[in-house]
Amino acid sequence: HGEIKSNISPEADRNQEMANLVQLIGFPAIAILGHDHSVAAINTAFEEKTNIHASDILYTPLDSLNDQSLKLSAADLIERVSNTPEQLATNELEFSGVKHELVAQAVMGYDKIAYILIVILPAEEEGQ
């Protein structure tokens with residue numbers, strides 16, 4: 001059926017999309033590339049919540065995060081959404097002694113995960 005596959009990756013230019021999405025999300029958010037797990041976009045709420053500056057981690061591997069618990073939690077979420085991209089994955093993590101929920105969503109590209117959004121949400125209060 002004469003289907004022509006182009007050598008140009010459809011994932012080539014989703015940087016603006018990732019940047020826009022993390023800015024639109026009203027919670028701390030970060031976008032991580034699917035193919036190499038490098039940090040592609042980050043919002044100021046994420047910087048404030050984690051005390052990690054975009055200039056320190058943008059375009060670097062997630063492994064370079066110096067917050068060990070955040071790094072391990074994010075790595076776990078990435079692994080889980082890589083196995084089931086259509087489902088959200090969640091972990092609990094404390095920031096400044098306050099429980100939060102890390103939620104990850106894979107965003108599909110042409111034939112694989114283009115990137116993963118991780119959002120930090122306030123954990124549900126007990127008894128509410």
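**Figure 1. The whole protein, with four helices and five strands.** This is a predicted model, so let's begin with the overall plan. Following the chain from its start, you meet the elements in the pattern α-β-β-α-α-α-β-β-β. The protein has 128 residues, and buried ones make up 41% of them. About 7900 Å² of the protein is exposed, with carbon and sulfur atoms supplying 50% of that area. Take contacts between residues at least 6 apart in sequence: 36% of these join residues at least 24 apart.

**Figure 2. How confident is the predictor in each part?** The average pLDDT of the protein is 89, and 88% of the residues score at least 70. Compare two elements here: confidence is highest in strand 1, at 97, and lowest in helix 3 (residues 54–57), at a mean of 93.

**Figure 3. The open sheet and the order of its strands.** Five strands line up as 2-1-5-4-3, with antiparallel pairing. Strand 2 and strand 3 stand at the edges and have a single partner strand each, so one side of each is left without a neighbour in the sheet. On average, neighbouring strands of this sheet are turned by 25° against each other, ignoring direction. As a reminder from the textbook, strands of a sheet pair through backbone hydrogen bonds, either parallel or antiparallel.

**Figure 4. Strand 3 (89–95) beside strand 4 (98–108).** These two strands run antiparallel and are joined by seven bridges. To find your way, look for Asn 91, which stands opposite Leu 102 in strand 4.

**Figure 5. Strand 5 (113–122) and its partners.** Which residue in strand 5 is the bridge partner of Ala 104? That partner is Ile 118. Strand 4 and strand 5 run antiparallel, joined by nine bridges, and they form a hairpin with four residues between them. Strand 5 also pairs with strand 1, again in the antiparallel sense, over five bridges. Here you can spot Leu 33 opposite Tyr 115 in strand 5. Eight of the 10 residues of strand 5 are buried, so this strand is largely enclosed by the rest of the structure.

**Figure 6. Helix 1 and helix 4 against the strands.** Helix 1 (residues 15–24) packs on the sheet, where it touches strand 1, strand 2 and strand 5. The direction of helix 1 makes about 40° with that of strand 2. Helix 4 (residues 68–83) lies across strand 1, strand 3, strand 4 and strand 5. With respect to strand 3, helix 4 runs at about 175°.

**Figure 7. Two loop residues with a positive phi, His 37 and Ser 96.** Most residues other than glycine have a negative phi. His 37 is not a glycine, yet its phi is positive, at about 55°. You will find His 37 in the loop between strand 1 (29–33) and strand 2 (39–42). Ser 96, also not a glycine, has a positive phi of about 50°. The loop that holds Ser 96 lies between strand 3 and strand 4. Is each residue buried or exposed? His 37 is partly exposed, with a relative accessible area of 32%, while Ser 96 counts as exposed at 77% relative accessibility.

Methods. Residues are numbered from 1 along each chain as its sequence is written. This is a predicted model: local features need pLDDT of at least 70, side-chain atom pairs count only at pLDDT 80 or more; totals for chains, interfaces and linings use all residues. Side-chain values use heavy atoms; hydrogens and water are left out. Buried means under 20% relative accessible area, exposed over 50%, partly exposed in between (1.4 Å probe, protein chains only). Contact means heavy atoms within 4.5 Å. Accessible areas come from the Shrake-Rupley method with a 1.4 Å probe; for residues, only the protein chains shown count as cover. pLDDT is the predictor's confidence in each residue, from 0 to 100. Two strands pair if DSSP finds at least two bridges between them. Axes are lines fitted to C-alpha atoms, for helices over the stretch in contact, and angles run from 0 to 180 degrees between N-to-C directions.
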